[in-house]
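Reader: I'd like to go through this one and hear the reasons behind the labels. Could you show me the chains and then take my questions?

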Amino acid sequence: MTTLTSVTRKLFERLRDETADVDAEFAVAPTSLEEAAAILRAAAEAHIPTTFLGGGTHAGFGSPVRAELVITTAGLNRIVDWKPDDLTVVVQAGVDVDTLEVEIASRDQTAVFPE
Amino acid sequence: MDGPMIEAVENFVHAGLPVGAGAVLLAEVVGHPEGIAAEAELIREIARSNGAAAIRTAADETERALLWKGRKSAFGAVAQAAPDYYLNDTVVPRTRFVDVLNEIYAIADRDGLRLLNVFHAGDGNFHPLVSYDASEPGMTDKVVAASHEMVQVAIAAGGTLSGEHGIGIEKRDLMRDVFSTDDLDAQARVREAFDPAGLLNPGKVLPEGSRCFDRPGT
């Protein structure tokens, strides 16, 4: 974790140096919780305005965000642990809702409140 | 409803509940008359194959209402046992329900406490209820300590701090049992973004010391 954070920190510094004279925006796609946490930690330490992007289906909601860093959840798309008999499912933040619903419908279950 | 609760409820409502049984499970089916007959039969079959001592189906609306009255009167009925009760709210994975129940009975036995339980067990909700007399010196502290231990049993079984009642001041300091230092710090940061001077319900939402970093820019 510490190594990951320091690598991420160096990466941010390099990107900032290289783009110092332009109005740049970065996007990163972590593929594990550890990566996501390291990126967020490094961004917080460097005071980089950050936002998250999932499927973008509700991207028009709320006030517009001006972020330099976009963390996409596309790489966090695993259904981690589904226990049908316990009525519990653990998923990563980027799991597509339809994919999840199709998967657990095989046991007549649903995880999503209707909008 | 567990055994002690059946006794308390039956004494109060006289619904013909089986006093002496280990537990009563109340199931209701809703829908078209033809459909519900088949569903009710399925429930009876499951009950039979799991060793139910007796199965009773409400014959009419009056009997259905009476069975529900028993369930809905449970919290009033416990007053017969003692003037006060302490109800806790948690939730456990359904497959761990029986283990957790046995563990909380063991805690109550150890401390000489009277436990009466009524749950909507189908979704894993778990509400241990300790009946006691708050006028006995030290009793409330003893009950609260045992109840917190019961919550910790539920957490250890893969459950969590609250099933549906929420956290409040009561469980604020138990949040450390389920949230890491980083989790609490992130929650405190969000709160701080809206309330930097700490004016909104100070000390109420998060345990003391949740914030573990210096504020950015200071």
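Author: Let's start with a term: buried area is the accessible area (1.4 Å probe) that two parts lose on being put together, summed over both. Chain A and chain B bury about 550 Å² between them, with 49% of it on carbon and sulfur atoms. Two notes on the source: this is a predicted model, where local features need pLDDT of at least 70 and side-chain atom pairs count only at pLDDT 80 or more, while totals for chains, interfaces and linings use all residues. Residues are numbered from 1 along each chain as its sequence is written, chains are lettered from A and ligands numbered from 1 in the order in which they are written, and side-chain values use heavy atoms, with hydrogens and water left out.

Reader: How many residues of each chain take part in the contact?

Author: Six come from chain A and nine from chain B, where contact means heavy atoms within 4.5 Å.

Reader: What makes B:D182 and A:R41 a salt bridge?

Author: The rule wants a side-chain nitrogen of Lys or Arg within 4 Å of a carboxyl oxygen of Asp or Glu. The closest N and O atoms of B:D182 and A:R41 are 3.2 Å apart, so the pair passes the 4 Å limit. The rule finds one salt bridge across this interface.

Reader: Why is A:Q109 called buried?

Author: Buried means under 20% relative accessible area, exposed means over 50%, and partly exposed is in between (1.4 Å probe, protein chains only). A:Q109 has 16%, so it counts as buried.

Reader: What makes the pair of A:Q109 and A:W82 a polar contact?

Author: A polar contact is a pair of N or O atoms within 3.5 Å; within protein, one must be able to donate a hydrogen and the other to accept it, and residues adjacent in sequence count only if both atoms are side-chain atoms. The side chains of A:Q109 and A:W82 make theirs at 3.2 Å, so the distance fits the limit.

Reader: And B:R64, why is that partly exposed?

Author: Its relative accessibility is 33%, so B:R64 falls in between the two cut-offs. B:R64 also forms a salt bridge with B:E28, the closest N and O atoms being 2.4 Å apart.

Reader: Why can you say that this pair ties together separate parts of chain B?

Author: B:R64 lies in helix α3 and B:E28 in the loop between α1 and α2, so the parts they join are 36 residues apart in sequence. Helices here are DSSP runs (H or I, at least four residues), numbered from the N terminus.

Methods
Helices (H or I, at least four residues) and strands (E, at least two) are DSSP runs, numbered from the N terminus.
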